[in-house]
Amino acid sequence: MAFLEVTDLAKSYGARDVLSGVNFTMEEGEFVSIVGASASGKTTFLKIVSGLVPATRGQVTMGGAAVTDFSPQAAIVFQNYSLLPWLSALENVRLAVEAAFPQYSRTQQNEQSEKYLKMVGLGGAISKKPSQLSGGMRQRVAIARAFAVEPRVMFLDEPFGALDALTRATLQQELARMCSQAARPVTALMITNNVDEAILLSDRILALGRGPAASLSPAVPVNLAKPRAADLLMHDDQAIRIRNRLAEFLTAGAESRKSLSRAAASALSKTVPLEA
Amino acid sequence: MKKRLGNFALALVGVALVGALWAITSATIAPDLPSPLKTWEESKIYVMQPWEKRGEMDQGILRMASYSLWRVAKGFLLAILIGTPLGFILGASNLFYKMFDPTIQVLRPISPLAWLPLGLILFRQSEPAALFTIALCSMWPTVINTMQGVRAIPQDYHNVAKVLRLSPWRRLTKIWIPATLPFMFSGYRLSLGLAWLVIVAAEMLTGTPGVGGFLWQEYNSLIYSHILLCILTIGIVGFALDRLMGVAEARLRAA
């Protein structure tokens, strides 16, 4: 049995079907990304899998047990940082550490929080309030907060979506480094609208089709050695194949809606070899 | 600095104009209204010896004001001690909100003059009746603002609480209270203003020493200039209280 299993998941808000017939599995130690256009139901999917929002139909299990609430073994990084503005960077991280490690002494909790803030390069800014930090630095605090509880699984909801391209690239490398430095292999499920970001970080990528009633594409494995360099991926053959294949999944729904002929779509796919 | 000085000068001009209007009115159409000069002549002793106590109802104006302030402080404290938790409960629970909001909307516009006799019946003494009235009348802005503050907590913060699995106590102290604090303080400021409005009515009806009690007594003794003295004192103290709360509120927002 896989570590994380999603079976025949569906979610509707009233009469609107957001997700339908979603099946998904993930092993421990895997980094999996789900790419999809905005408003395709990606975030809804992640919220259901992590236990923040209940599904309308279907089941999610983690480690064999049904997911009904946000798991104590999980951590999540939100797109909009979600730091508490009245707490300093250290206090924000420590709030998570305190809840995750109640058995630690106050000193140990402080050390644990500082260790992870240093790891994301914020050793000198631990007493700053979020309003005194840039967007990139805020997201670093959020990443430190997620790693500091030493989660068994990490959920990333468009973690870099609100950042400028340059900061985004730096933080992607930072996240890759954090994952490789962690005490045990990090199991991570990332939601993103950026295919390159997914290729850079993931072992496997799935595309979420266009809504309404979106479902997942077959998985595309990424067998590139880590660490990966973003600039090399631009020209790597395998990366290009993966990118094309995902682009095809992502645009398939849109094209059929525009009632373009299927022939045109398949002609497009013949120009690029499909086997990743 | 120069701009502030200019604003201050303009405010003084405004005061002078209203004073002139007062003087003209008392000299022409309202002979019963003491002129500013007469008011000052007859009130001088109360202002120049502000802490003097010559008798139960014959005391310096600051001494009188301090009795009123002390009474307001107690009533206001009672109001926020009851109003804040009540606001939290109403903001957090839709059930409670639906259950009690209509009742609150009915109770809110009731005048202190209507509550006071009930307080006198219930407590049989003027002091607790006054506190009861002040608390009951000034509580509502605190309740309503706190409630709206709780309802306005962004979903993000609720998600953080859920994801970090904070205990109910930590949820309250680390998220709910800090997120609601600015709203709570706006409520406190309005409540304090109301409490000061109510004090005059409460003292007039119960005849207790204080600015309001003094005002009523001097009306009955036909010393009209002292009524004006009391009115001015009430206004100035109320203005000072509001400014103080404003400063506290600004500090809080800056923090």
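Me: Which residue of chain A forms a salt bridge with Arg170(B)?
Reply: This is a predicted model. The rule finds one salt bridge across the interface of chain B and chain A. Its closest N and O atoms are 2.1 Å apart. The partner of Arg170(B) is Glu98(A).

Me: What area is buried between chain B and chain A?
Reply: On the chain B side, 14 residues are in contact with 20 residues of chain A. Carbon and sulfur atoms give 65% of the buried area. The total is about 1600 Å².

Me: Which three residues supply 35% of the area that chain B buries against chain A?
Reply: No other three residues of chain B supply more of that area. They are Val163(B), Leu164(B) and Arg165(B).

Me: Where do the buried residues of α3(A) fall, seen down its axis?
Reply: The buried residues are Gln109(A), Asn110(A), Gln112(A), Ser113(A), Tyr116(A) and Leu117(A). An α-helix has 3.6 residues a turn, so residues three or four places apart point the same way. In α3(A) the buried residues line one face of the helix, because they fall within an arc of 160 degrees.

Me: Which residues are exposed on the other side of α3(A)?
Reply: Helix α3 of chain A covers residues 106-119. Its buried residues pack against α2, α4 and α5 of chain A. The exposed residues on the other side are Glu111(A) and Lys118(A).

Me: How many residues does the largest nonpolar core have?
Reply: In soluble globular proteins, nonpolar side chains tend to be buried together. Here, the residues with the most contacts inside the core are Phe24(A), Phe45(A), Phe155(A) and Leu189(A). The core has 139 residues.

Me: Which helix gives the most to this core?
Reply: The helix spans residues 168-206 of chain B. Twelve of its residues belong to the core. It is helix α8 of chain B.

Me: What residues does Phe45(A) touch, not counting those up to four places away in sequence?
Reply: Phe45(A) is among the residues with the most contacts inside the largest core. It touches Phe24(A) and Leu189(A), which are also on that list. Its other contacts are Val6(A), Leu9(A), Leu19(A), Val22(A), Ile34(A), Ile191(A) and Leu216(A).

Me: Is Ile205(A) buried or exposed?
Reply: Ile205(A) is found in strand β9 of chain A. Its contacts beyond four places in sequence include Ser33(A), Val35(A), Ile242(A) and Leu246(A). Buried means under 20% relative accessible area. The value for Ile205(A) is 0%, so this residue is buried.

Me: What distance separates the C-alpha atoms of Ile205(A) and Val220(A)?
Reply: These residues are 15 residues apart along the chain. They are also in contact. Their C-alpha atoms are separated by 5.1 Å.

Technical notes:
Residues numbered from 1 in each chain as written. Chains lettered and ligands numbered in written order. Predicted model: local features only at pLDDT ≥ 70, side-chain atom pairs only at ≥ 80, totals over all residues. Heavy atoms only, no water. Helix = DSSP H or I, 4+ residues; strand = E, 2+ residues; numbered from the N terminus. Expected span 1.5 Å × (residues − 1). Buried < 20%, exposed > 50% of the residue type's maximum accessible area, 1.4 Å probe, protein only. Arc of directions from axis to C-beta. Contact = heavy atoms within 4.5 Å. Core = buried A, V, L, I, M, F, W, Y, C linked by side-chain atoms within 4.5 Å. Buried area = accessible area lost by both parts, 1.4 Å probe. Salt bridge = Lys/Arg side-chain N within 4 Å of Asp/Glu carboxyl O.
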